[in-house]
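Me: Could you take a close look at one part of this model for me? I'd like to see how one helix sits among its neighbours, with the cut-offs spelled out.

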Amino acid sequence: MATTVKPTATTPDVYEEAAHHLPPFINFIINNLLLLLLLVAEGYLMGSLFSRGWVDNIEAPNHWGTYHGVGVILFYAAGAATAGLGLRSSVAAAAAMRGKKWGFGLFNLFTLFILSAAEIWSSLSERSFHLVASPADKALLAYVGQPPDAAISPTLLVVSLVLPFASLSYGFSQQRKARVSSADLQDEEMAMDRKILHAEKQARLNAARAKGMAQTGRAFWRGAQQDQADAGPEASADPQ
C-alpha cells in the first residue's frame, strides 16, 4: 500500500540553512532586538513628520507649552502605531496570499503601500532640511547627466526606501517560520496519534492476556474438580 509522506519541519530549506549557520544568539537578536529597533526607527520617523508644523522648533521642548507638548507626545505615539500597523499589514498580506485569500491580502497590501509611501515621503521631508550630496552622489549624478547639486540625490532615495522595504519584506520572509510552526504542529499531532494507538494496542493486549489467564485458571479449576469427583468413589471404597 502506497503511503504519502508529508513535509515536516526537518525538510531542507534555505531559511533553515541560513538559521543553522548563524549562532543562536545572533538569531535571537535578529528575531527580537532588531525588529524592535526597526519599529522604533519607523515610529520616530513618522512621529517627526506628524509633529512638523505643530511646534515651531521640535528641538526646543521648553517652548512648546503643555498643550503642544502633549500633542507632540501623541503624534510620536501615532507614528509608532503607524509603523506597527505597517508591519502587521505586511505579515497579514503575505499570510492571506499564501492562503489564497486574495481580497484580504490585497487590502492589507494596499494598506502597506499607502503607509510605505507616507514613510518614504517622511524620510525625504525630514532629510531635506540637511541635504548634503556625498562624493558618490555627485559622481553618479554626473554619470547620468544630472547636475551635482540636484535636489534628490541617490543616497536620499536609498535611505528613504530602506525602512519601508524592510517592513514590506518582513511579512513575506516570516512565512517560512509560520510553515515550520504548522509542520511542527502536524508532527506533534501525528506523534500523539501514534501514542494513542500504541496505548490502545497495549490495552487490548493486556485485556487478552488477562482473559487468557482467566480462562486458564477456570480450566485448571474445572480439571481439579473433575479429578476430585473421579477420585471420590474410589476413596470411599478403600477401607484404609
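Reply: Happy to; here is a walk around helix 4, starting with the chain as a whole.

This is a predicted model, in which local features need pLDDT of at least 70 and side-chain atom pairs count only at pLDDT 80 or more, while totals for chains, interfaces and linings use all residues. Residues are numbered from 1 along each chain as its sequence is written, and side-chain values use heavy atoms, with hydrogens and water left out.

The chain has seven helices and zero strands; helices (H or I, at least four residues) and strands (E, at least two) are DSSP runs, numbered from the N terminus. Of its 240 residues, 24% count as buried, where buried means under 20% relative accessible area, exposed over 50% and partly exposed in between (1.4 Å probe, protein chains only).

Now to the first neighbour. Helix 3 (residues 65-98) and helix 4 have axes that come within 8 Å and cross at roughly 150°; axes are lines fitted to C-alpha atoms, for helices over the stretch in contact, and angles run from 0 to 180 degrees between N-to-C directions. The two are therefore roughly antiparallel, a label for angles over 145 degrees (under 35 is roughly parallel, 65 to 115 roughly perpendicular, the rest oblique). Their crossing is left-handed, meaning that the near helix is turned anticlockwise from the far one by less than a right angle; clockwise would be right-handed. Among the residues making this contact (heavy atoms within 4.5 Å) are Gly86, Ala93 and Met97 of helix 3 and Trp102, Leu109 and Leu112 of helix 4. By class, there are eleven nonpolar, seven polar and no charged residues; Ala, Val, Leu, Ile, Met, Phe, Trp, Tyr, Cys and Pro count as nonpolar, Asp, Glu, Lys and Arg as charged, and the others, Gly among them, as polar.

The other neighbour is helix 6 (residues 154-173), which packs with helix 4 (residues 102-127) at about 155°, the axes 8 Å apart. That angle makes helix 4 roughly antiparallel to helix 6, and this crossing is right-handed. On the helix 4 side, the residues include Leu109, Leu112, Phe113 and Leu124, which meet a set in helix 6 including Leu156, Ser160, Pro164 and Phe172. The contact of helix 4 with helix 6 divides into twelve nonpolar, three polar and two charged residues.

Leu124 deserves a closer look. This residue of helix 4 is buried, with a relative accessible area of 19%. Leaving aside neighbours within four places in sequence, Leu124 is in contact with Leu156 and Ser160. Its C-alpha atom is 7.7 Å from that of Leu157, 33 residues away along the chain.
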